[in-house]
Structure formats: C-alpha cells, structure tokens
Amino acid sequence: LWDSQPVTGVPADRHLSISTPVAPELAAANRAELARTTPTFIADGLSFFNPKLDIHRFDDLKDWFTNYCEVGKTQMTIIYRRCDASRRN
C-alpha cells in the first residue's frame with residue numbers, strides 16, 4: 001500500500017496534508033527495502049490526497065517503479081500491477 005508512513009516518513013493523518021518526514025533516514029531505509037521486493041500489485045491510496053508524496057516523486061524508487069503499470073483507478077486509489085517491458089506505457 002502506498003499510504004504507508006514507514007516509506008514516506010510522514011506520520012499517519014499528517015501525511016494527508018503535510019509532506020515533511022519526521023524520520024527521513026528511516027523512511028529512506030524502508031524505501032530501499034521496498035525496492036528489493038517485487039509485489040504483484042501496489043495500491044496507491046496517498047497520491048490523490050497529497051501529491052507531494054506521490055510515489056513518482058521519490059527518486060530512490062524511480063527505477064524500481066518503472067516495472068509497474070497503472071491498471072485501475074477509483075476516486076481515491078490508483079492500482080498498479082507489475083508489468084513486463086512490452087506492456088509499459
């Protein structure tokens with residue numbers, strides 16, 4: 001889930017309107033750990049609420065996130081699925 005405070009460093013509820021992390025080093029370490037994984041789906045429930053914390057804005061996840069394609073969207077969530085190079089847009 002991309003509304004996880006451990007990867008943004010911004011505590012719950014604050015992350016809906018504030019983008020300054022309280023533990024940037026810990027958040028960076030957690031994102032590095034995330035980047036070593038290959039989940040099939042990512043549910044982004046944060047970017048619509050706080051564009052400054054959009055998953056695309058984290059430089060340390062850019063290369064990793066190129067492996068994901070948007071496959072669905074609701075009013076509050078974007079769903080990404082791991083995709084192969086032939087399906088990327």
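Are Cys-69 and Cys-83 buried or exposed? In this predicted model, both of these cysteines turn out to be buried. They are a handy way into the structure, and the rest of the fold can be picked up from there.

Start with the overall layout. The protein has three helices and three strands, and reading along the sequence gives the pattern α-α-β-α-β-β. Of its 89 residues, 31% are buried, Cys-69 and Cys-83 among them. The protein exposes about 5600 Å², with carbon and sulfur atoms supplying 53% of that area. As for how the chain meets itself, take the contacts between residues at least 6 apart in sequence: 56% of these join residues at least 24 apart.

Next comes the sheet. The three strands make an open sheet in the order S1-S3-S2, and the pairing is antiparallel. Strand S1, covering residues 41–44, and strand S2 stand at the edges with a single partner strand each, so one side of each has no neighbour in the sheet. Neighbouring strands here are turned against each other by 25° on average, with direction ignored. In general, the strands of a sheet pair through backbone hydrogen bonds, and they can do so in parallel or antiparallel fashion.

The two pairings can be taken one at a time. S1 and S3 run antiparallel and are joined by four bridges; Asp-44, for instance, has Ile-78 in S3 as its bridge partner. On the other side, five bridges join S2 to S3, again in antiparallel fashion. Here Glu-70 finds its bridge partner in S3 at Tyr-80. S2 and S3 also form a hairpin, with four residues sitting between the two strands.

That leads back to the cysteines. How many disulfides does the structure hold? There is one, and it is formed by Cys-69 and Cys-83, whose sulfur atoms lie 2.1 Å apart. The link between Cys-69 and Cys-83 is right-handed, with 75° about the S-S bond. Cys-69 belongs to strand S2 (residues 68–73), while Cys-83 falls in the segment after strand S3 (78–82), so the disulfide ties together parts that are 14 residues apart in sequence.

Put side by side, the hairpin and the disulfide involve overlapping parts of the chain. S2 pairs with S3 through five bridges, and Cys-69 of S2 is linked to Cys-83 in the segment after S3.

Methods
Residues are numbered from 1 along each chain as its sequence is written. This is a predicted model: local features need pLDDT of at least 70, side-chain atom pairs count only at pLDDT 80 or more; totals for chains, interfaces and linings use all residues. Side-chain values use heavy atoms; hydrogens and water are left out. A disulfide is a pair of cysteine sulfur atoms within 2.5 Å. Buried means under 20% relative accessible area, exposed over 50%, partly exposed in between (1.4 Å probe, protein chains only). Contact means heavy atoms within 4.5 Å. Accessible areas come from the Shrake-Rupley method with a 1.4 Å probe; for residues, only the protein chains shown count as cover. Two strands pair if DSSP finds at least two bridges between them. Axes are lines fitted to C-alpha atoms, for helices over the stretch in contact, and angles run from 0 to 180 degrees between N-to-C directions.
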